[in-house]
Amino acid sequence: MRTPKVVILVSALLLVCTLKPVQAAVELKQLYQARVAVTSQTVGERSEGLRQALTDTLLKVSGDDTVLEHPSVELALQNVRNFVVQYGYQQEGEALHLWVQFDQPQIDRVIQEAGSGIWSSLRPELLFWIVEENEDLQRNILGAGDERALIETLRQTAENRGLPIKLPLLDLNDTMTLSVVDVWARFDDRIDFASSRYDADGVVVARAYQADRAVTDDRWMLDWTLKLGDIRWRGVVSAMEKSELGHLMVADITQQVSKRYRIGTNAAMAGQWRIKVRELTQFMDVLKAEELLLALPSVARVQLLEYGEHQAEFELFIQTDAAQIMQAIDINRAFEPINTDQRTEFEAPVYRWSKS
């Protein structure tokens, strides 16, 4: 017996208030704040610290290194005080830091004037499997407990760029599941199995090794691959010092990932966009899906149009290009694409609801 399609009454939507928050990736709360190390509270040191803080914030909000080359950004760095809401100093032991809060609308405006966009505060959390090869060609997996310079620069750059990361514990569970050879050879099945316990949105596999002098004058190279849902990225970086590889890898990854998820503010892009979601076996799933769609960046409102046969159709009132909304859905494991590649421009994209 076919289940009739029905229009859902507005009163049913009141159930939303009983739902627990839907988590997707990691939502960053302090994108427009920065903290930089300083040696004193002198005017000159403070001015330099404010410029560094603004640079870090522009990179964190946009994820785009190229904005620093734009004249509007160069002018902003010369007049950094115009963007400061408040600042202060924080003493931690012998370390002194300058903390700065910037004006969000002005930061966004400068980034847009530079021809870039705003990287959503909802960001994928990435798990890093890194194998380091030393001068004697010995290889080791680096994990959360390592204090090597490569890991420290990776952590610091990820924090500065607003990229949520995880490193493996390398406990008995990991060592019994995954070997150095598995990571070095990028055996996806074994890596995926070992990664499942960490509940990350994406997995980075990286290999650091001595550079081929026929390829580069640098002493060290690192190649990396990133799997995020059905999307794949890859890259190669090189440096004279191995420690610099962590910084270059994270900068490379944020540049590529943010490009996919950056959101412009062209008002002409605003409008309505429809999406269908299948396998919503109960109405509570419908409400959870609606809440999650509303949490996407640049979605102002979500309206449930109809629900029947375990499929719901939603209309989203958006403030950006629909393609940017689809990209934001990529990092959400609650939605699995069905026809997003084969559909025509007149068809609504169809996703499968997943409770995982």
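Two strands are said to pair if DSSP finds at least two bridges between them, where strands (E, at least two residues) and helices (H or I, at least four) are DSSP runs numbered from the N terminus. The model is a predicted one, in which local features need pLDDT of at least 70 and side-chain atom pairs count only at pLDDT 80 or more, whereas totals for chains, interfaces and linings use all residues. Residues are numbered from 1 along each chain as its sequence is written, and side-chain values use heavy atoms, with hydrogens and water left out.

**Exercise 1. Describe the sheet that contains β14 and β18, and find the partner of V277 in β18.**

Step 1. Begin with the pair itself: strand β14 (residues 271-278) and strand β18 (residues 350-353) run parallel and are joined by three bridges. Within this pairing, V277 has Y351 of β18 as its bridge partner.

Step 2. Place the pair in its sheet, which is open and has five strands in the order β15-β16-β14-β18-β17, with mixed pairing. Because β15 (299-308) and β17 (335-337) each have a single partner strand, they stand at the edges, and one side of each is left without a neighbour in the sheet. From one strand to the next the twist averages 35 degrees, angles being taken from 0 to 180 degrees between N-to-C directions, with axes fitted as lines to C-alpha atoms (for helices, over the stretch in contact).

Step 3. Add the helix: α9 (residues 283-294) lies across β14, β15, β16 (311-318), β17 and β18, and runs at about 155 degrees to β15. Contact here means heavy atoms within 4.5 Å.

**Exercise 2. Work out how β4 is held between its partner strands, and decide why β4 is largely enclosed.**

Step 1. Establish the order of the strands, which is β2-β4-β3 in an open sheet with antiparallel pairing. The edges are taken by β2 and β3, each with a single partner strand, so one side of each lacks a neighbour in the sheet. Direction ignored, neighbouring strands of this sheet are turned by 25 degrees against each other on average.

Step 2. Follow the two pairings. Strand β2 (residues 33-38) is joined to β4 by six bridges, and A37 has H97 of β4 as its bridge partner. Strand β3 (residues 84-92) is joined to β4 by eight bridges; here E92 is paired with A95, and V84 stands opposite F102.

Step 3. Inspect the connection, where β3 and β4 form a hairpin with two residues between them, and G93 in the turn has a positive phi of about 65 degrees.

Step 4. Judge the burial, for which buried means under 20% relative accessible area, exposed over 50%, and partly exposed in between (1.4 Å probe, protein chains only). Seven of the eight residues of β4 (residues 95-102) are buried, so the strand is largely enclosed by the rest of the structure.

**Exercise 3. Identify which residues touch the most other members of the largest nonpolar core, and which elements supply the core.**

Step 1. Fix the term: a nonpolar core is a set of buried Ala, Val, Leu, Ile, Met, Phe, Trp, Tyr and Cys residues joined through side-chain atoms within 4.5 Å. The largest has 29 residues, of which F128, I130, W224, M249 and I253 touch the most other members.

Step 2. Assign the elements. At least two residues each come from β7 (126-133), α4 (149-161), β10 (202-210), β11 (220-228), β12 (231-239) and α8 (244-261), and the largest share, six residues, is supplied by α8.

Step 3. Look around F128: leaving aside its neighbours within four places in sequence, its contacts include L154, L163, V204, M249 and I253. A second, separate core has 26 residues, including I275, A312, M326 and A328.

**Exercise 4. Is T254 buried or exposed, and which side chain does its own side chain contact?**

Step 1. T254 is located in helix α8, and counts as buried because its relative accessibility is 1%.

Step 2. The side chain of T254 makes a polar contact with the side chain of R161 (3.5 Å); such a contact is a pair of N or O atoms within 3.5 Å, where within protein one must be able to donate a hydrogen and the other to accept it, and residues adjacent in sequence count only if both atoms are side-chain atoms.
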